[in-house]
Amino acid sequence: MIDYTGMECPVCGKPFTKDDDIVVCPECGAPHHRECYAAHGRCGCAEQHGTSQAWDKVHENRSTKKACPFCQGLNEEDAVFCSHCGRALSEPGPQQNGNPQGQPYGAPPFNGQQPFNGQPPFGGQPFPGANTFHISPQDELEDGVTYGEAAQVVRSNVPFYMMVFYRIKNLNRNRFNFAAFFFGASWLLYRKQYKTAGIFIGINAVLTAASLLVSTFVSGPILQNIYNNLGITDNTLVTNTLMNQVSDAIRALDTGHLLLLALPMVFSLMALIVNIVLGAKANRWYLNHCVQTAKRVRQEATTPMEQEAAYQKRGGVNMALAMALLVIYVLANYLPMML
């Protein structure tokens, strides 16, 4: 028998509970409150019958999903944490605690709509290792903070990071974070690690400024002097013979000038090393961030509603700030080339 708990009645829009009297449409299988179906006189999804939007087509795989008791988002059957809000799926929802609206603030999130069109993100696939790592929200992660509390900080892509944290704490195995490597401080801002992001922004700013100054006032004049000696101008046609002459002139420089000429590449290499370090350490630093954030929420919030508000403020992601930094980085690095 299909469990319709958490699904919405197409007539009244309210999610079903385990105690509701439910009837289904004989044509598409859409569930209704018995009184709603009787009052409406027909299926609430009748207009979609015979189309690709018919209830049975849209929800053909829904019977294997697990509804979150808090946001009603659908998750894989073996999921421990909600892929939408990060809450532990084993926790009693607000509806079970007597909230008639079934939500901490008396209204459903996402304007009553199922996030991600009612499907979990990442193509609906369970996260790697879901059947290998048996994590309970009540299990301690670190320093008295549980996996459930850490999940409320993560909130986005929760199953993946719970697996990563488990591997770090229990198997002493970390994995390289390619998102942090490629996006650098933008990834830190995205995950609301503002202090660490500030440090990396400062380091990158120093390296970028140093590289620009050296290129403008040190290595640039050395190359320009070589071009002048060879009679190269902006209008000179570049040929293999000319490139060989430039290479010979560079090799003829003394050691001191060669080092000065290579300084911009040295700064670029240092920036690459900084990003490699970030990629290698990002998951461990993010674990620490989640633990410290959860501990601050414990101290500052005393009621469940205050805690939920604090997790929404401190947890999750900050896409706007991350994108702003990426735009600034692109403009700072490539705009001068276009001028």
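Is Phe160 buried, partly exposed or exposed, and what is its relative accessible area? In this predicted model, Phe160 has a relative accessible area of 22%, and because buried requires a value under 20%, Phe160 counts as partly exposed. Its neighbour in sequence, Tyr161, has a relative accessible area of 4% and is therefore buried.

Before following these two residues further, it helps to set out the chain that holds them. The chain has 339 residues, of which 38% count as buried, and its secondary structure consists of 11 helices together with 6 strands. When contacts between residues at least 6 apart in sequence are considered, 59% of them join residues at least 24 apart. The accessible surface of the chain amounts to about 19,600 Å², and carbon and sulfur atoms account for 58% of that surface.

We can now return to the aromatic rings. A pair of aromatic rings is described by the distance of the centres and the angle of the planes. There are 10 aromatic pairs in the structure, and one of them joins Phe160 and Tyr161, whose ring centres lie 5.0 Å apart with the planes at 80°, so that the pair is edge-to-face. A further edge-to-face pair is formed by Phe181 and Phe182, with 5.0 Å from centre to centre and 70° between the planes. In this second pair Phe181, at 18% relative accessibility, counts as buried, whereas Phe182, at 59%, counts as exposed. Phe160 and Tyr161 also belong to one aromatic cluster, which includes Phe165, Trp187 and Tyr286 as well.

The last part of the picture is the space left open among the atoms. Rolling a probe the size of a water molecule over the atoms shows where empty space is left. The largest pocket contains about 910 Å³ of space, and several helices give two or more residues to its lining, namely helix H5 (178-183), helix H6 (185-190), helix H7 (194-229), helix H9 (255-300) and helix H11 (319-338). In total 29 residues line the largest pocket, and those nearest its centre are Asn204, Ala205, Thr208, Tyr329 and Asn333. What is the make-up of the lining of the largest pocket in terms of nonpolar, polar and charged residues? The lining divides into 20 nonpolar residues and 9 polar ones, with no charged residues.

Notes. Residues are numbered from 1 along each chain as its sequence is written. This is a predicted model: local features need pLDDT of at least 70, side-chain atom pairs count only at pLDDT 80 or more; totals for chains, interfaces and linings use all residues. Side-chain values use heavy atoms; hydrogens and water are left out. On a 1 Å grid over the protein atoms alone, a cavity is a set of points where a 1.4 Å probe fits but cannot get out, and a pocket is an open set with protein on both sides within 12 Å along at least five of seven lines; lining residues have an atom within 4 Å of a point. Grid points are joined across faces, edges and corners, and a volume is the space filled by probe spheres set on the points. Helices (H or I, at least four residues) and strands (E, at least two) are DSSP runs, numbered from the N terminus. Ala, Val, Leu, Ile, Met, Phe, Trp, Tyr, Cys and Pro count as nonpolar, Asp, Glu, Lys and Arg as charged, and the others, Gly among them, as polar. Rings of Phe, Tyr and Trp (its six-membered ring) pair if their centres lie within 6.5 Å; planes under 30 degrees apart count as stacked, over 60 as edge-to-face and the rest as tilted. Buried means under 20% relative accessible area, exposed over 50%, partly exposed in between (1.4 Å probe, protein chains only). Contact means heavy atoms within 4.5 Å. Accessible areas come from the Shrake-Rupley method with a 1.4 Å probe; for residues, only the protein chains shown count as cover.
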